Amino acid sequence: MLIQPGMSQPSTHANALQAADHAVKGDDLLPESLHRFLACATPEAWLQWALENPETLLIDHAQCEKKAASTAMSLLYRYVDQPLLLSKMSQLAREELLHFEQVVGLMEARGVAYQHLTASRYAEGLRRHLRSNDPERLIDVLIIGALIEARSCERFACLIPYLDEELAKFYRTLVKSEGRHFEDYLLLARQQTSDSIDERIAFFVAREAELITSPDTAFRFHSGVPA
Ligand SMILES: [Fe+2]
Ligand SMILES: [Fe+2]
């Protein structure tokens with residue numbers, strides 16, 4: 001069960017979101033820097049959508065953890081001359097794979113079958129703006145990494161009050177690690193140049209907010225709002 005027994009079912013009442021009694025307010029767990037970083041909060045329409053699709057949420061969450069590990073691994077291969085990047089990305093890849101195992105374990109325990117899902121438009125919608133040559137390309141990849149981590153963290157925090165105790169507890173641990181990953185990506189991005197990257201960050205933050213607030217066809221962890 002994703003939703004606490006006895007909770008209102010969001011599919012039947014447009015504004016039936018109702019927090020479970022046990023839940024810590026998820027938002028309280030978010031670092032202040034992350035609140036300032038993202039241009040918008042997760043729309044309530046996405047939250048409703050997520051609670052109506054608990055199995056897809058878990059499957060796509062597993063996919064996201066696997067993809068996060070894979071992104072970190074590809075950076076490990078490509079930038080062998082950067083010691084801080086190597087140590088941060090190696091640690092991050094291990095943590096993401098551990099999260100992956102934890103989500104798959106939860107899916108098994110809940111009888112959720114792991115099936116292939118198409119990727120959401122989100123990551124590609126950000127990556128299409130990548131510049132082609134380093135260091136600009138790497139800076140963009142790292143900024144996008146920071147955004148994906150920050151949004152994941154914010155979404156976990158959003159969901160926590162509406163989840164059953166077991167999942168809420170797990171997501172609280174994820175809020176902490178994804179919040180740290182967000183900081184690491186941002187630090188690495190800033191390290192690539194002595195120039196300010198604030199304008200580039202602002203550009204991607206704006207694109208990300210467009211993806212999060214605009215209509216989307218399929219529900220995924222990083223979807224926009226239902227079309
Ligand atoms: Fe993760
Ligand atoms: Fe992460």
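Okay, so the chain I'm showing today has 8 helices and 2 strands. Keep in mind that this is a predicted model. If you walk along the sequence, the order goes α-α-α-α-α-α-α-α-β-β, with the two strands coming after the eight helices.

Some overall numbers before we zoom in. There are 227 residues in the chain, and 36% of them count as buried. Then take the contacts between residues at least 6 apart in sequence: 76% of those join residues at least 24 apart.

Now, the core. In soluble globular proteins, nonpolar side chains tend to be buried together. Here the largest nonpolar core has 52 residues. The ones with the most contacts inside that core are Leu142, Ala146, Phe156, Leu159, Tyr171 and Ala189. Who contributes? Helices H2, H3, H4, H5, H6, H7 and H8 each give two or more residues to this core. And which helix gives the most? That's H6, with 15 residues.

So let's stay with H6, which covers 136-159, and look at how H6 sits against H7, which covers 165-191. Two packed helices are described by the angle between their axes and the distance between the axes. For H6 and H7, the axes come within 8 Å and cross at roughly 160°. Angles over 145 degrees count as roughly antiparallel, so H6 and H7 are roughly antiparallel to each other. The crossing is left-handed. By class, the contact of H6 with H7 has 17 nonpolar, 4 polar and 2 charged residues. On the H6 side you'll find, among them, Leu142, Ala146, Phe156 and Leu159, and on the H7 side the list includes Tyr171 and Ala189. You've heard those names already: they're the residues with the most contacts inside the core.

Ala189 is a nice one to click on. Leaving aside neighbours within four places in sequence, Ala189 is in contact with Ile139, Leu142, Ile143, Ala146 and Ile197.

And here's a residue of another kind in H6: Asp140. Is Asp140 buried or exposed? Asp140 counts as buried, because there are 22 C-beta neighbours inside 10 Å, and the cut-off for buried is 20 or more. Asp140 and Ala189 are 49 residues apart along the chain, yet their C-alpha atoms are separated by 7.7 Å. As for contacts beyond four places in sequence, Asp140 has His129, Leu130 and Arg131.

Next, H4, which packs against both H3 and H7. Start with H3. H3 and H4 pack at an angle of about 160°, with their axes 8 Å apart. That makes H3 roughly antiparallel to H4. H3 passes H4 in a left-handed crossing, and the contact residues divide into 20 nonpolar, 3 polar and 3 charged.

Then H4 with H7. Their axes come within 11 Å and cross at roughly 160°, so H4 and H7 are roughly antiparallel too. Again, H4 passes H7 in a left-handed crossing. What about the residues? H4 brings, among them, Leu84, Lys88, Glu95 and His99, while H7 brings residues including Phe170, Ser177, His181 and Asp184. The class count for this contact is 8 nonpolar, 5 polar and 3 charged.

To wrap up, the picture I'd keep is this: a nonpolar core of 52 residues, H6 giving the most to it, and H7 in contact with both H6 and H4.

Conventions
Residues are numbered from 1 along each chain as its sequence is written. Chains are lettered from A and ligands numbered from 1 in the order in which they are written. This is a predicted model: local features need pLDDT of at least 70, side-chain atom pairs count only at pLDDT 80 or more; totals for chains, interfaces and linings use all residues. Helices (H or I, at least four residues) and strands (E, at least two) are DSSP runs, numbered from the N terminus. A residue is buried if 20 or more other C-beta atoms lie within 10 Å of its own, exposed if 12 or fewer, and partly exposed in between; C-beta atoms are placed from the backbone. Two residues are in contact if their C-beta atoms, placed from the backbone, lie within 7 Å. A nonpolar core is a set of buried Ala, Val, Leu, Ile, Met, Phe, Trp, Tyr and Cys residues joined through C-beta atoms within 7 Å. Axes are lines fitted to C-alpha atoms, for helices over the stretch in contact, and angles run from 0 to 180 degrees between N-to-C directions. Angles under 35 degrees count as roughly parallel, over 145 as roughly antiparallel, 65 to 115 as roughly perpendicular and the rest as oblique. A crossing is left-handed if the near helix is turned anticlockwise from the far one by less than a right angle, and right-handed if clockwise. Ala, Val, Leu, Ile, Met, Phe, Trp, Tyr, Cys and Pro count as nonpolar, Asp, Glu, Lys and Arg as charged, and the others, Gly among them, as polar.
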